[in-house]
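This report is an introduction for a reader who has not met this structure before. Please look through the sequence and the model shown here before reading on.

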Amino acid sequence: MKITIDGRAGAAALAALRSRLTGVLPGCRVSAARGGFSVEVRPPVSAGAALPVLENLPGVASVSVSDAELCPLACARDRKPFSRPLNFSAGRPVLIAGPCAVEDERLYLDTALALKAAGADALRAALFKPRSSPYSFQGLGWAGLRIAERARKLTGLPLVTEAVDTRHVARLARVCDVLQIGARNMRNYELLKEAAASGRAVLLKRGMRATLREWLLSAEYLLKYGAKELVLCERGDGPGVPGAPPLDLKLLAAAGKATGLPVLADPSHVARDREEAAVLAAAALRAGADGLLIEASLDPLLARVDGRHTVTVDAFRAIAERFRCRKAR
Ligand code: PEP
Ligand code: MN
């Protein structure tokens, strides 16, 4: 951490500040640096805990902290790729596909089988949908669990489901392999703690307009509270951000580099239609995304939610075949 000193502070104030630093941060190492001090905190004090204390000391103009100092677990980087429940060690993109929500049983099961045959590695299996309008379809809820379970048995594919409420986590975790934290809930810290402690892998979306640091901090919550397998997912900032790319592929790459965690792209939710979703999917994979979370169905026109940008199974198969090995174009 770098502490910049208020230019008006005199020598006595600086000496007092230096001794207060060691007082409020036991065990820290303070050395002189240009314009102030460089401070290395030592466990059990964390940079996150130290920051508000330091900012509040008289004579301090500003404190700068790196992502790695704030998020030591998320930025550990030296982790090995994992292979279960999603296989990130096979050297090819991991493709999670399925309709936005579990709806009609027959269509969901047929779609699940068709997606498996087309190259899907896991199924989207959302039962609870966080919708902007309270009048929109909210998902089948627990009534859909049995359908998801059937799809799992039928295909042998792992299920990825969104947890929207701490009270749902344990029951979802009994059946589903990966708990998804949606964009709206990236900052729902109690939900992050609960999902982390579930024993299941967690897929963490970047919240709309969240910075890399905010995303990393949410990942840090998950790792601190027990998540063993963690996957990040870039889904863009939502419609209506003029001039911004639909998916932030630079940020996606930066998150992968900072953490060593797999980073997926969700090309569906920022796409205006299914053609654009397919184009964004290919662009994300070309840019180095470790896989996709993509909405796909045998019959997108029947969907009660997000049908417009849901790709057909044929379109999904075309993507899967094109990117069967990492270097595909
Ligand atoms: C989803 O993937 O089902 C979803 C709701 O996406 P997001 O949280 O990115 O809006
Ligand atoms: Mn959707």
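Which residues have the most contacts inside the largest nonpolar core? In this predicted model, they are Ile3, Leu21, Leu54, Leu204, Trp215 and Phe316, and the core as a whole has 94 residues. Residues of this core come from both domain 1 (2-65) and domain 2 (94-323), so the core lies between the two domains. A second core of 14 residues is separate and includes Leu86, Phe88, Ile96 and Ala122.

Phe316 illustrates how one member of the larger core is surrounded. Beyond the residues up to four places away in sequence, Phe316 touches Leu95, Ala97, Leu115, Ala118, Gly119, Ala120, Ile294, Ala296 and Val311.

Helix H7 (residues 189-196) offers another view of burial. Its buried residues are Leu191, Leu192, Ala195 and Ala196. These four cover an arc of only 130 degrees around the axis, which means that they are on the same side of H7. In an α-helix there are 3.6 residues a turn, so residues three or four places apart point the same way. The cover over the buried residues of H7 includes helix H6 (169-175), strand S8 (178-181), strand S9 (201-205) and helix H8 (212-224).

The metal site comes next. The manganese ion (ligand 2) has as its protein donors Cys100 (SG), His269 (NE2), Glu295 (OE) and Asp306 (OD), at 2.0 to 2.3 Å from the ion. Along the sequence, these donor residues follow the spacing C-x168-H-x25-E-x10-D. Glu295 belongs to strand S12 (residues 291-297), while Asp306 is in the loop between S12 and strand S13 (311-312), so this pair ties together parts that are eleven residues apart in sequence. Glu295 is buried, its relative accessible area being 0%. Asp306, by contrast, is partly exposed, with a relative accessibility of 25%.

His269 is located in the loop between strand S11 (263-265) and helix H10 (274-286). The table gives two polar contacts of its side chain.

| Side chain | Partner side chain | Polar contact |
|---|---|---|
| His269 | Asp266 | 2.7 Å |
| His269 | Glu295 | 2.8 Å |

Glu295 is thus both a donor to the manganese ion (ligand 2) and a polar partner of His269. Neighbours within four places in sequence aside, His269 is in contact with Cys100, Arg124, Lys205, Arg235, Glu295, Asp306 and His309. Among them, Cys100, Glu295 and Asp306 are also donors of the manganese ion (ligand 2).

How values were computed
Residues are numbered from 1 along each chain as its sequence is written. Chains are lettered from A and ligands numbered from 1 in the order in which they are written. This is a predicted model: local features need pLDDT of at least 70, side-chain atom pairs count only at pLDDT 80 or more; totals for chains, interfaces and linings use all residues. Side-chain values use heavy atoms; hydrogens and water are left out. Donors are N, O and S atoms within 2.8 Å of the metal (3.2 Å for Na, K and Ca); water is not among the atoms, so sites may look incomplete. Helices (H or I, at least four residues) and strands (E, at least two) are DSSP runs, numbered from the N terminus. Buried means under 20% relative accessible area, exposed over 50%, partly exposed in between (1.4 Å probe, protein chains only). A polar contact is a pair of N or O atoms within 3.5 Å; within protein, one must be able to donate a hydrogen and the other to accept it, and residues adjacent in sequence count only if both atoms are side-chain atoms. Contact means heavy atoms within 4.5 Å. The arc is that of the directions from the helix axis to the C-beta atoms. A nonpolar core is a set of buried Ala, Val, Leu, Ile, Met, Phe, Trp, Tyr and Cys residues joined through side-chain atoms within 4.5 Å. Domain bounds come from an automatic or database domain assignment.
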